[in-house]
Amino acid sequence: MINAIGREIPENIAGIKNIKPYSGPFAYTPAGRLTGPTIILNKPRSEKVLKSIEQAIDATGLKDGMTISFHHHFRNGDYVLNMVVAAIARKGIRDLTLAPSSLNNINEEIIPYIEQGVITAIETSGARGKLGKLLTNGKMKKTTIIRSHGGRARAIECGELHIDVAFLGAPACDTYGNMNGVEGKSACGSLGYAMVDAAYADKVVAITDHLVPYPLYPVSIPQTQVDYIVPVEAIGDPKGIASGALRISKDPRELLIAQYATTAIEYSGYFNQDYSIQLGSGGASLAAAQFLKEKMKQQGITASFGLGGVTAPFIEMLDEGLIKAIYDVQDFDIPSIQSMKKNANHQEMSASFYANPHNRGPIVNQLDVVILSATEVDVDFNVNVITDSNGVIMGAVGGHQDTAAGAALSIVVAPLLRGRLPMVIDQVHTVCTPGETVDIIVTERGVAVNPRRKDLRDNLREANIPLMDIEELRDIAYEFAGKPDPILVSDEVAAAVEYRDGTLIDVIRKPL
Amino acid sequence: MKLRRTMMFVPGNNPGMLINAGIYGADTIIFDLEDSVAISEKDAARHLVYNAMKSIKYPCEVAVRINHISTPFGYKDLETILPVKPDLIRLPKAETAADIEEIDVIITAAEIKHGFASGSIKMMAAIETARGVRNAYEIAAASPRMVAIAIGGEDFLADLQTSRTKDGKEFHSARGQLILAAREAGIHAIDTVFGDVSNEEDFIAETIRIKEMGFDGKSVVNPRQINIVHQIYMPTTKEVEHAERVIAAYKESLDRKSGVVSLNGKMIDVPVVKRAERALAYANAAGRNNRRANL
């Protein structure tokens, strides 16, 4: 079948039940009820702290064919996922579905367990490096499912993604299971992605390298959701978890893109007192923070809230009073983690609060402006953030779909050329975010406004930025780099890309 | 009015930089075949610049800094580059009018050979020695192709046996003489580069200083410096409004065929009108560039 953006979606995809083609950002109306974990009896002074991960695996009753989950707040410093999968393999348990909120290069260590059949299916936001290659090459028994952060929260809450056991790395945890992410040597800040797993998994295991006496506060994930606690030597490498303060780029091309993007915001009609903003952590969107700050100061404008993906430049805006409050699902650097710990205006939120389209109101629906990155975009404004120029998975959908759909103004920044590759093309290889939710594409050579947004195009006329049609941008890119040949793919579907509402927006076929 | 507030050097042997040189809003880009290119790379740079100029449409004035004609590379540079018609040839280390005259002859021949309009390829020269400073006027006036003279930095300091200071004393006398020579010859005076890109504070101070001395612009080595210079050269709103009133009064007096121009009861003479035109030219250019206002 052909979905609403013209992508061919097979009628049958191995391992995916009830295939619904994407039909528009808000076209699908869900029905039914939320799911929930099993209920249990908990007697006074019961002991939750166990000696080892193996003991926890036994205690949870993990069996062949079940689904396990993890959060990716430790990014490339994560030890938990690898450690737990290795322990599960030692127990001889097989045929598991792995459902982490995302995967990083460090998780390549689990590839042997995939090859041995310990893990036979993956549902996540994306993958990189060898894992990305493996998922693309159709090496899994079941089709990989790619979901946005909001889409994952939705799938968990409605039961489409049922988690049997969640193994959650806890930078700080007390002896009764209260945890937070702001203390301990492996502090990562917000535990936003883990919150949904904790609330909906049948069994929840906290794995911590900072076990503290009861009670721990503040609490990010409460004792009421945690079954077992396992203290270990280290849950991550602090260097891989969070960098020092992320700094503004010095790359003149990124600065130019950032400047066009912020000028577009300034003239868009949304740059008003109490507007709200989300910035990505990529070079150009990070640099945008700097320019936005100057414009806000010059014009005496402050923002009501900021969303993220939080970085040091955003924290500076909070500290200077330019942003009243930050809602934080993930922290990228140490200043952000420290800010969440000490600043009451810096609030932790769950992935569901952030972006789930089927709860009573995710915060993205209140968002005015978002700046997003892209791997490639096409003349229909569709954005690919997951496959590279060879059609191989090398990124993650993250909150891209969610914020693009929720924000009143979604701006996508990308260089027009990366090396010898054009980044504005006729058709992206994989659609992650549909063009109808993308308003402006900003490159170093020109800015294109989605023709659906005539109002924006009119507003930007005064902005003194190089406005052009998206086709002109494509033509410039092709003039320099030539038109790329399409990537040849087989019929074999390696991964299905869900839209945030659970419909299929595209599939990733194994390249030939 | 042609402005040369910023002339940005781009190493000729860096394809990525050649492709993107035009996007940052410099008034002039200078593809460099000289000091930023190692001797072993001279051929490659020459051909890269040739091909870039042939294939890419740059939105600004394009200059090429050739090697001096006393080196084994200078003539070859001209032979390769002139057929793609640069707007401007920049000669380094100019010391005498004869240097300029010799290149003028070569350019004239190339214009005839390739059917370019006579005089359409301009020249500028960088003065980088004490001898060059002494001959600055002769160099500036050596050819009708000459549109600017610039002061070269490190070579000049070496020749002067001094080094960079925070407030630029070492350049003081040379800058003064250069301005006088350029003004007498009726061409632009361009200041030297400021290499420490991360030191914005001193760069701003130096640019303000040279603007006050009368320089028309500055050589830059990084796109991040462009907008700083443009901001400094941008007239204030008050200056623009005054200039607009002066020009309006001037036009009105022309319409009335009156020889006397007055504004608010004050007489306006020709230099004031000239200054107003200049202010408006800078304001217009800044308007074109104000999208880069925060860089």
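## Strand β4 of chain B and its neighbours

Two strands count as paired if DSSP finds at least two bridges between them. With that in hand, we can start in chain B of this predicted model, where B:A63 stands opposite B:L88 in strand β4. The residue B:A63 comes from a strand that meets this cut-off: β3 of chain B, residues 61-65, is joined to β4 of chain B by three bridges, and the two run parallel. Strand β4 of chain B spans residues 88-91, and both of its faces are covered. On one side sit B:L88 and B:R90, on the other B:I89 and B:L91, and all of these are buried.

The link between these two strands is worth tracing on your screen. Together with helix α3 of chain B (residues 74-81), β3 and β4 of chain B make a right-handed β-α-β unit. On to the next partner: β4 of chain B also pairs with β5 of chain B, residues 122-127, in the parallel sense and over four bridges. Here B:L91 stands opposite B:A125 in β5 of chain B. The route from β4 to β5 of chain B goes through helix α4 of chain B (residues 97-114), and this β-α-β crossover is right-handed.

## A small detour into a sheet of chain A

Chain A offers a sheet of another kind to look at. Three of its strands form an open sheet in the order β18-β17-β23, with mixed pairing. The edges are β18 (383-384) and β23 (424-425) of chain A, each of which pairs on one side only.

Strand β17 of chain A, residues 376-378, pairs with β18 of chain A in the antiparallel sense over two bridges. If you would like a residue pair to find, A:E376 has A:N384 in β18 of chain A as its bridge partner.

## Domains of chain A

The domain assignment divides chain A into domain 1 (53-241) and domain 2 (252-489). Taken over C-alpha atoms, the centres of these two domains of chain A are separated by 29 Å. The contact between them takes 31 residues from domain 1 of chain A and 34 residues from domain 2 of chain A.

Which elements supply the domain 1 side of chain A with two or more residues? They are β4 (126-127), α4 (129-136), α5 (149-158) and α6 (192-200) of chain A. Helix α5 of chain A gives the most to this side, with eight residues. By class, the side of domain 1 of chain A that touches domain 2 has 11 nonpolar, 14 polar and six charged residues.

## Domains of chain B and a helix

In chain B, the domain assignment gives domain 1 (6-233) and domain 2 (237-292). The C-alpha centres of these two domains of chain B lie 31 Å apart.

Helix α11 of chain B covers residues 237-255, which makes 19 residues. From its first C-alpha to its last, α11 of chain B reaches 27 Å, close to the 27 Å expected at 1.5 Å a residue. Just after this helix, B:K257 takes a positive phi of about 55°.

## Where the two chains meet

Between the chains, 14 residues of chain A are in contact with 12 residues of chain B. On the chain A side, α8 (252-267) and α9 (283-299) of chain A each supply at least two residues. The largest share, seven residues, comes from α8 of chain A. Sorted by class, this side of chain A has seven nonpolar, three polar and four charged residues.

## Backbone details to check

Two cis peptide bonds deserve a look in chain A. One runs from A:Y214 to A:P215, with omega near -5°, and the other joins A:Y217 and A:P218, with omega about 0°. The loop between β10 (211-212) and β11 (228-231) of chain A holds A:P215, and A:P218 lies in the loop between β10 and β11 of chain A too.

Positive phi angles turn up at residues that are not glycine. In chain A, A:N18 has a phi of about 55° and is found in the segment before α1 (53-60) of chain A. Is A:N18 buried or exposed? It counts as exposed, because A:N18 has 6 C-beta neighbours inside 10 Å. In chain B, B:Q161 has a positive phi of about 60° and lies in the loop between α7 (154-160) and α8 (169-185) of chain B. With 8 other C-beta atoms within 10 Å, B:Q161 is exposed.

Key:
Residues are numbered from 1 along each chain as its sequence is written. Chains are lettered from A and ligands numbered from 1 in the order in which they are written. This is a predicted model: local features need pLDDT of at least 70, side-chain atom pairs count only at pLDDT 80 or more; totals for chains, interfaces and linings use all residues. A residue is buried if 20 or more other C-beta atoms lie within 10 Å of its own, exposed if 12 or fewer, and partly exposed in between; C-beta atoms are placed from the backbone. A crossover is right-handed if, with the strands pointing away from the viewer, the path from the first strand over the helix to the second runs clockwise. Domain bounds come from an automatic or database domain assignment. Two residues are in contact if their C-beta atoms, placed from the backbone, lie within 7 Å. Ala, Val, Leu, Ile, Met, Phe, Trp, Tyr, Cys and Pro count as nonpolar, Asp, Glu, Lys and Arg as charged, and the others, Gly among them, as polar. The expected span of a helix is 1.5 Å times one less than its number of residues.
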